[in-house]
Structure formats: C-alpha cells, structure tokens
Amino acid sequence: KSNIRVDCYGEVDELNSNLGFCIALMKKQEMDFSIELNILKDIQNDLFNLGTILAISDDSKLEQFPRIDNKSIESLENKIDYYNKDLDDLKSFVLPSGSLVGAYFHICRTVCRRVERKCVFLSEKIEIDMNILKYLNRLSDLLFVMSRWMNKKQDFSEDLWTP
C-alpha cells in the first residue's frame with residue numbers, strides 16, 4: 001500500500017469520489033445542470049481509465065484498456081474555453097468560497113492538483129503515459145473555471161485575495 005503507483009491510483013479514486021459528491025450536490029440544486037452532470041460523469045469515466053492505466057505495471061497489457069488520449073485532453077480544453085468565456089478576467093487570486101457547489105469544485109481542484117503532483121513524482125521513478133499528466137493538469141483548470149462559473153450561475157460573488 002505504500003507503493004507510489006498504488007498511492008497514485010488511490011488518489012485518482014479519491015478525486016473521482018469527490019467529483020461524485022459534487023454531482024450529488026448539483027442534483028440537489030433547483031437549476032438544471034444536466035449538461036454539467038454529463039460532463040462530470042464523462043470525467044469520472046476518464047478517471048477510471050486513468051487509474052487503470054496507473055494500476056497496470058505490465059506495459060504489454062495496456063493496449064487492452066481504454067487510454068487517455070489527445071482527444072480527451074482537447075475536450076477538457078474546449079470545456080475550459082466554453083465555461084470561461086462568460087467570466088470576468090481575473091486581476092487577483094480567487095479565494096475558494098461561494099456557493100456550496102462552487103466551493104466544492106475548489107476542493108475537487110485541489111485534490112486534482114495533489115493527484116497531478118503525485119503522478120509527476122511517479123513519472124520521475126518510472127515511465128508513464130504523459131497524457132495522464134496533461135489530462136490532470138487540464139482537469140484541475142477546468143474544475144477551477146467550473147467553480148467560478150457555478151458561483152456566477154448561482155449569483156455568488158467571488159472573494160478575491162487582497163494582500
């Protein structure tokens with residue numbers, strides 16, 4: 001259980017569970033978030049694929065399983081652009097807060113960043129598919145943008161860092 005590979009796919013599982021909690025929170029809202037719920041379910045499936053790739057130590061078996069590919073990464077980038085287009089430009093850091101769902105997206109974002117850091121550490125020890133790192137990086141950005149979008153959609157103002 002202390003193996004870094006096991007740690008990485010365990011962290012992916014934790015991220016997936018946090019996204020599941022985010023989904024549960026969104027379903028309790030009065031607004032229709034069916035598009036966003038579908039996006040998150042797709043991401044959860046991607047994360048299962050990603051965790052499976054991390055769990056397989058025999059590279060000859062990788063071809064039997066779904067991979068994270070450039071299409072998956074481009075899909076995240078397109079979603080970032082879509083949800084970011086109606087948001088104000090940032091002139092300061094955003095303090096994690098807002099609506100319950102918006103704040104929980106921030107938790108998912110920070111868990112995703114931790115997963116990314118651990119996978120970078122793993123990549124320094126063994127060869128892994130670099131699309132895993134790209135995907136996690138873009139996913140954390142999407143979760144940040146979705147937290148901002150969700151707060152705006154639910155009429156919560158952003159708390160900005162004031163040094």
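## A buried serine in helix 5

At 1% relative accessibility, Ser140 is classed as buried, and its place in the chain is in helix 5. This description, like everything that follows, rests on a predicted model. When neighbours within four places in sequence are left aside, the residues in contact with Ser140 are Arg109, Cys112, Arg113 and Glu116.

## The nonpolar core

The largest nonpolar core of the model has 44 residues, and those with the most contacts inside it are Leu15, Ile43, Leu47, Phe105, Tyr135 and Leu139. At least two residues of this core are supplied by each of helix 1 (4-27), helix 2 (34-55), helix 3 (70-84), helix 4 (100-125) and helix 5 (130-153). The largest share, 11 residues, comes from helix 5.

Which residues does Leu47 touch, not counting those up to four places away in sequence? The residues that Leu47 touches are Val12, Leu15, Asn16 and Leu19, together with Tyr135, Leu136 and Leu139. Leu15, Tyr135 and Leu139, which appear among these partners of Leu47, are also listed with the residues that have the most contacts inside the core.

## Aromatic pairs and a cluster

A search of the whole structure finds 5 aromatic pairs. In one of them, the rings of Tyr82 and Tyr83 have centres 4.9 Å apart and planes at 90 degrees, so this pair counts as edge-to-face. The two tyrosines can be set side by side for their exposure to solvent probe: Tyr82 has a relative accessible area of 47% and is partly exposed, whereas Tyr83, at 1% relative accessibility, counts as buried.

A tilted pair is formed by Phe93 and Trp161, with 5.5 Å from centre to centre and 55 degrees between the planes. Why does this pair tie together parts that are 68 residues apart in sequence? It does so because Phe93 lies in the loop between helix 3 and helix 4, while Trp161 lies in the segment after helix 5. Phe93 is exposed, at a relative accessible area of 58%, and Trp161 counts as partly exposed, at 42% relative accessibility.

Besides these pairs there is a cluster to consider: Phe33, Tyr82, Tyr83 and Trp149 form one aromatic cluster.

## A nonpolar patch on the surface

The residues Phe93 and Trp161 appear again at the surface, where together with Leu95 they form a nonpolar patch that has about 340 Å² of accessible area in total. Within this patch, Phe93 is found in the loop between helix 3 and helix 4, and its relative accessible area of 58% is over the 50% above which a residue is called exposed.

## Two exposed aspartates

Asp89 is placed in the loop between helix 3 and helix 4, and with a relative accessible area of 66% this residue is exposed. How far apart in space are Asp89 and Val6, C-alpha to C-alpha? The two are 39 Å apart in space, with their positions 83 residues apart in the sequence numbering.

Asp155, for its part, is located in the segment after helix 5, where its phi is near 60 degrees, a positive value in a residue other than glycine. With a relative accessible area of 72%, Asp155 is exposed.

How values were computed:
Residues are numbered from 1 along each chain as its sequence is written. This is a predicted model: local features need pLDDT of at least 70, side-chain atom pairs count only at pLDDT 80 or more; totals for chains, interfaces and linings use all residues. Side-chain values use heavy atoms; hydrogens and water are left out. A nonpolar core is a set of buried Ala, Val, Leu, Ile, Met, Phe, Trp, Tyr and Cys residues joined through side-chain atoms within 4.5 Å. Buried means under 20% relative accessible area, exposed over 50%, partly exposed in between (1.4 Å probe, protein chains only). Helices (H or I, at least four residues) and strands (E, at least two) are DSSP runs, numbered from the N terminus. Contact means heavy atoms within 4.5 Å. Rings of Phe, Tyr and Trp (its six-membered ring) pair if their centres lie within 6.5 Å; planes under 30 degrees apart count as stacked, over 60 as edge-to-face and the rest as tilted. Patches are made of residues with over 30% relative accessible area and no salt bridge: like charges are joined within 9 Å, nonpolar side chains (Val, Leu, Ile, Met, Phe, Trp, Tyr) within 5 Å. Accessible areas come from the Shrake-Rupley method with a 1.4 Å probe; for residues, only the protein chains shown count as cover. A salt bridge is a side-chain nitrogen of Lys or Arg within 4 Å of a carboxyl oxygen of Asp or Glu.
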